[in-house]
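Colleague: Please take a close look at one part of this model, the loop that follows the opening helix, and tell me what surrounds it. A connected account would suit me better than a list.

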Amino acid sequence: DGKELRVGQLAAILLNVYNAMTFTKCMIEVKTGEGKTFICAISAAVAVKLNPTGTSMILTASIDRAAADLDSTKAFLEAYLGKVPSLMSSWELQEDLSLIHI
């Protein structure tokens, strides 16, 4: 939809993909407003492409935030993966968390 990634977002995505492929453990800190939603969505989508028989999940502490994040990335995920991600609420997880299942 015309969105472009910033250098920091691209670096974080590449690190996430490298970590997934090499089983490297790495923490990435991203400041508020720096695009965590797209970093997570693109990293998760690439992980699914690399392992089509697996699954990828994005965990968040707020069902409202998860729904908004899914809404803002849904078109990309559908176009890239050819499937619709699903949202699991905290009552399904039995925790105070929400999950986007890709």
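Modeller: Phe23 sits in the loop between H1 and helix H2, the latter spanning 36-50. This is a predicted model, and the description below should be read as such. The phi of Phe23 is positive, about 60 degrees, although the residue is not a glycine. For context, most residues other than glycine have a negative phi. Phe23 also counts as exposed, because its relative accessibility of 71% is over the 50% cut-off.

The same loop can be followed to Glu34. Glu34 forms a salt bridge with Arg6, and the closest N and O atoms of the two are 3.4 Å apart. Arg6 belongs to the segment before H1 while Glu34 belongs to the loop between H1 and H2, so the pair ties together parts that lie 28 residues apart in sequence. In general terms, side chains of opposite charge can pair when their charged atoms come close. The structure holds 1 salt bridge, and that is the Arg6 and Glu34 pair. Neither partner is buried: Arg6 is partly exposed at 42% relative accessible area, and Glu34 is partly exposed at 39%.

Gln9 adds further contacts here. Gln9 lies in helix H1 and is buried, with a relative accessibility of 5%. A polar atom of the Gln9 side chain lies 2.7 Å from the backbone nitrogen of Arg6. The side chain of Gln9 also reaches the backbone oxygen of Gly35, at 3.5 Å. Arg6 is thus involved twice, through its backbone nitrogen with Gln9 and through the salt bridge with Glu34.

Helix H1 itself covers residues 7-22, and Leu14 has its place there. Leu14 is exposed, because its relative accessible area of 53% is over the 50% cut-off. Together with Leu5 and Leu10, Leu14 forms a nonpolar patch on the surface, and the three share about 270 Å² of accessible area. Helix H1 therefore holds both the buried Gln9 and the exposed Leu14.

As for the setting of the loop, the protein has 4 helices and 3 strands. Read from the N terminus, the elements run α-α-β-α-β-α-β. Of the 102 residues, 28% count as buried, and Gln9 is one of the buried residues.

Outside the loop, one further feature may be of use. There is 1 aromatic pair in the structure. Phe76 and Tyr80 form this pair, which is stacked, with 5.5 Å from centre to centre and 10 degrees between the planes. Both residues lie in helix H3, which covers residues 63-81, and they are 4 residues apart, about one turn of the helix. Phe76 counts as partly exposed at 33% relative accessibility, and Tyr80 is likewise partly exposed at 32%. Lys49 lies over the face of Tyr80, 5.1 Å from the ring centre.

To return to your request: the loop between H1 and H2 includes Phe23, with its positive phi, and Glu34, which the salt bridge joins to Arg6 in the segment before H1.

Conventions: Residues are numbered from 1 along each chain as its sequence is written. This is a predicted model: local features need pLDDT of at least 70, side-chain atom pairs count only at pLDDT 80 or more; totals for chains, interfaces and linings use all residues. Side-chain values use heavy atoms; hydrogens and water are left out. Patches are made of residues with over 30% relative accessible area and no salt bridge: like charges are joined within 9 Å, nonpolar side chains (Val, Leu, Ile, Met, Phe, Trp, Tyr) within 5 Å. Accessible areas come from the Shrake-Rupley method with a 1.4 Å probe; for residues, only the protein chains shown count as cover. A salt bridge is a side-chain nitrogen of Lys or Arg within 4 Å of a carboxyl oxygen of Asp or Glu. Helices (H or I, at least four residues) and strands (E, at least two) are DSSP runs, numbered from the N terminus. Buried means under 20% relative accessible area, exposed over 50%, partly exposed in between (1.4 Å probe, protein chains only). Rings of Phe, Tyr and Trp (its six-membered ring) pair if their centres lie within 6.5 Å; planes under 30 degrees apart count as stacked, over 60 as edge-to-face and the rest as tilted. A charge sits over a ring if NZ of Lys or CZ of Arg is within 6 Å of the ring centre and within 35 degrees of the ring normal. A polar contact is a pair of N or O atoms within 3.5 Å; within protein, one must be able to donate a hydrogen and the other to accept it, and residues adjacent in sequence count only if both atoms are side-chain atoms.
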